[in-house]
Amino acid sequence: MSKTFAYVVAAVVCIGIGALVAGLCVYYAHPDLMTSQQSSESRYARCVLRDTLVDGRDIGTLTLEQLRPTSPVLINGVIYGLTEGLHGFHVHQWGVDGSENNCTDAGGHYNPMGYNHSAPNATKRHVGDLGNVRSVRLDAFGRTATNTSIVDNVLSLWGQYSIVGRAIVVHAGEDDLGLGNNDGSLKTGNAGGRVACCTIYHTSKPAN
């Protein structure tokens, strides 16, 4: 009886060790996948926009939130000082160190799948394609505000295609959403120069 019990214990131990080794192999081969599947905590991020003028002023703070890996990313905030009208609004490939270089260090739109530029609701689009934000005039002195409230099902703060560490760029003109019938439209939406940018970084849950 004691030998049988010992055999059972030995078998259970061997199975447990095998499962542990297999799990470690999967983790080291695909750490992003394991994190995405196992994490249940919400993730939060911020992005402090600076304009591309000489003084590089802070013109707004954007907050990002994702409740779980399969949830949409929520982007909220107010941007001040843009010209009145629509402005292309995208996630670009690289984070930026300041904006004195006109945000060119941010590279192009974040596009790991290699698709053409399109609208936020398109089936095939750049991951970073977020369309336009609208700046409205506040008063007779020309001051403006851009209330930004975006819900996007393609962006993620988790895993291999996380946008954390990448940049949000605001453009001078309107994004034509890939409908301009030219090469520029399929690449950038012909949204013009870069007027502000920021790097997305993780934060703790905001205080209520």
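Residues on this tour count as buried under 20% relative accessible area, exposed over 50%, and partly exposed in between, with a 1.4 Å probe and protein chains only. The model is predicted, so local features need pLDDT of at least 70 and side-chain atom pairs count only at pLDDT 80 or more, while totals for chains, interfaces and linings use all residues. Residues are numbered from 1 along each chain as its sequence is written, and side-chain values use heavy atoms, with hydrogens and water left out.

**The whole chain**

Start with everything shown as a cartoon. You should find 3 helices and 9 strands, where helices (H or I, at least four residues) and strands (E, at least two) are DSSP runs numbered from the N terminus. Following the chain along its sequence gives the order α-α-β-β-β-β-β-β-β-α-β-β.

Of the 208 residues in the chain, 36% are buried. Switch on a surface and you are looking at about 12000 Å² of exposed area, 56% of it supplied by carbon and sulfur atoms; these areas come from the Shrake-Rupley method with a 1.4 Å probe, and for residues only the protein chains shown count as cover. Contacts (heavy atoms within 4.5 Å) often link distant stretches: among those with a separation of 6 or more, 64% are between residues 24 or more positions apart.

**Stop one: Arg 50, Asp 51, Arg 57 and Asp 58**

Select these four residues and show their side chains. Side chains of opposite charge can pair when their charged atoms come close. A salt bridge here is a side-chain nitrogen of Lys or Arg within 4 Å of a carboxyl oxygen of Asp or Glu, and the whole structure has 5 of them.

Arg 50 pairs with Asp 58 at 3.6 Å, N to O. Arg 50 is partly exposed, at 31% relative accessible area, while Asp 58 is exposed, at 53%. Now look at Asp 51, whose salt bridge to Arg 57 spans 2.8 Å, N to O. Asp 51 counts as buried, with 5% relative accessibility, whereas Arg 57 is partly exposed at 41%.

**Stop two: Asp 152 and Arg 125**

Which parts of the chain do Asp 152 and Arg 125 tie together? First, the link itself: their side chains form a salt bridge of 2.8 Å, N to O. Asp 152 belongs to strand β6 (residues 144-152) and Arg 125 to the loop between β4 and β5, so the pair joins parts that are 27 residues apart in sequence. Both Asp 152 and Arg 125 are buried.

**Stop three: His 126**

Next, select His 126, in the loop between β4 (85-92) and β5 (129-137). Is His 126 buried or exposed? With a relative accessible area of 4%, His 126 is buried.

Its side chain makes a polar contact of 3.5 Å with that of Asn 111. A polar contact is a pair of N or O atoms within 3.5 Å; within protein, one must be able to donate a hydrogen and the other to accept it, and residues adjacent in sequence count only if both atoms are side-chain atoms. Not counting residues up to four places away in sequence, His 126 also touches residues including His 109, Tyr 110, Tyr 115, Leu 186 and Lys 187.

**Stop four: Tyr 110 and Arg 166**

Keep Tyr 110 on screen and add Arg 166. Arg 166 sits over the face of the Tyr 110 ring, 3.9 Å from the ring centre. The test for a charge over a ring is NZ of Lys or CZ of Arg within 6 Å of the ring centre and within 35 degrees of the ring normal.

**Stop five: Ser 156**

Move to the loop between β6 and β7 (167-171), where you will find Ser 156. Ser 156 is buried, at 13% relative accessibility. Its side chain reaches the backbone nitrogen of Trp 158 at 3.0 Å. Beyond its neighbours within four places in sequence, Ser 156 is in contact with Gln 66, Pro 69, Val 73, Tyr 161, Ser 162 and Ile 163.

**Stop six: Leu 177 and Asn 181**

Most residues other than glycine have a negative phi. Leu 177 is not a glycine, but has a positive phi of about 60°; Asn 181 also has a positive phi, near 60°. Leu 177 lies in the loop between β7 and α3, and so does Asn 181. Leu 177 is partly exposed at 26% relative accessible area, and Asn 181 is exposed at 78%.

**Last stop: Gly 193**

Finish at Gly 193, in the loop between α3 (183-188) and β8 (194-199). Gly 193 is partly exposed, with a relative accessible area of 41%. Leaving aside neighbours within four places in sequence, Gly 193 contacts Val 170, His 171 and Ala 172. Gly 193 and Val 170 are 23 residues apart in sequence, with their C-alpha atoms 8.6 Å apart in space.
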